[in-house]
Amino acid sequence: MNYQHPELRERLAAEYALGTLRGLARRRFERVLAADPGLRDQVQAWELRLNLLAESAPAVAPPPRVWQRIEQRLGPAPARAGVLSRWWNSLGFWRGAGLLAMAATAALVLYIAAAPAPQPGTNYVAVLIDAEKNPILVARFDAESRELRVRDLRPVATDPAHSRELWIVPAGGTPKSLGLVEDNKTKTVTLSADQAAAVEKAILAISREDPGGSKSGAPGEVLFTGPVVPSL
Amino acid sequence: MAPSREALLEACASGDRAALQNLYAMTAPQLFGLALGILRSRDLAEDVVQDSFVLVWRHARSFDPGRGTAMAWLGRIVRNQCFDALRRRGREAPLDQTFLETWEDPAPSPADLAALSRDAQRLRGCLDQLEDSPRQSLLLAYYQGLTFEEVAGRLKAPLGTVKSWIRRSLIRLKGCMEP
């Protein structure tokens, strides 16, 4: 399809915003969007125009647990939050408002690497990407405390039928499980001294496993991977 | 006077958690209603509203009141989350058919209309200029997240007709909304 044709661009932007563009066509359009800021602008204009209808949506009170969970996920109010949570929050930009989180991974790594690190030279980051190179999770490792933190870049749908397991693969070594990663929660794990020493050339991976994690000690279906790189 | 949704969003951008809670209280019922219409699953709609407000908090800084209203900005996040949720389920088809039967065009009453933002009133005015079936097609697509095929099935109209109803309605709406 010729995505340069002005009428087609406008039509697809409108149909994307309305939601009638679905399935493969929607995915294909999103890939074009990721590299086309002008088209993104057109989509946003359409979304802001059509979503004026949200004001006349029928009001249905959500149960109180919805707000409680939002509060839980946001953690303590930011006035008390430290450097780390600000750093995590600054990643919010990359989550894309439900749209277009397919930012180039290289750019994301640069962005993270450029973010101020409290202890220069002792921190590492990794962006775990899927087979289509979309960034899915981000990890940060503090060499001093040996703490590795991993979390989703975007909210993910919980999947009770599977567990997600985190692995570290040292250069030339075999994958070692670091435990399960719950959906939408920050996973914190302390690496062993050996793992910490070899972290720089290691790869992090997330696999899909039966509930409870891999029984064999080896990863099942590998979903996301990313190399660990030093931050500035 | 209660602060506007726009003012609350701007306060969220500066890290004011109480503003988020106020914004939630003001807007969550309609956003939940919006998500329910598309997803037809309470569980899924709860998840979407939850995810959306986490995004709202983190992205509040990117809200630009010069480009659109706060509610449209919120609606945009919620609807995009809905479509992502449908996609993640590995199916694009809506879930519970019983919601389909009970749906009505939430055309606002005159009193409700007066409570809408100026821009939303204007959009409603533009919608009223469309003929019944094209307008209904567009509203079904918006509020129910229906595809062209589903709208055609619903209105018992040929697919090609529904496509051109919706496409022409979109063009007319844009022309009507332009300053």
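1. The pLDDT is the predictor's confidence in each residue, on a scale from 0 to 100. It applies here because this is a predicted model, and chain A averages a pLDDT of 79, with 79% of the residues scoring at least 70.

2. That average covers an uneven spread among the elements of chain A, where α1(A) has the highest mean pLDDT, at 95, and helix α5 (residues 83-90) of chain A has the lowest, at 36. Over residues 79-120 of chain A the pLDDT is below 50, although this stretch still has 64 contacts in the model beyond near neighbours in sequence. Where pLDDT is low, the predicted coordinates should not be read in detail.

3. Turning to the interface, the contact between the chains takes 40 residues from chain A and 58 residues from chain B. On the side of chain A that touches chain B, at least two residues each come from α1 (6-18), α3 (37-50) and α4 (64-74) of chain A, and α4(A) gives the most, with six residues. Sorted by class, this side of chain A has 24 nonpolar residues, together with eight polar and eight charged ones.

4. As for chain B itself, there are 10 helices and zero strands, so that, by the DSSP runs used to assign helices and strands, the elements from the N terminus on read α-α-α-α-α-α-α-α-α-α. Chain B has 179 residues, of which 45% count as buried. Among contacts in chain B between residues at least 6 apart in sequence, 60% join residues that are at least 24 apart.

Notes. Residues are numbered from 1 along each chain as its sequence is written. Chains are lettered from A and ligands numbered from 1 in the order in which they are written. This is a predicted model: local features need pLDDT of at least 70, side-chain atom pairs count only at pLDDT 80 or more; totals for chains, interfaces and linings use all residues. Two residues are in contact if their C-beta atoms, placed from the backbone, lie within 7 Å. Helices (H or I, at least four residues) and strands (E, at least two) are DSSP runs, numbered from the N terminus. Ala, Val, Leu, Ile, Met, Phe, Trp, Tyr, Cys and Pro count as nonpolar, Asp, Glu, Lys and Arg as charged, and the others, Gly among them, as polar. A residue is buried if 20 or more other C-beta atoms lie within 10 Å of its own, exposed if 12 or fewer, and partly exposed in between; C-beta atoms are placed from the backbone.
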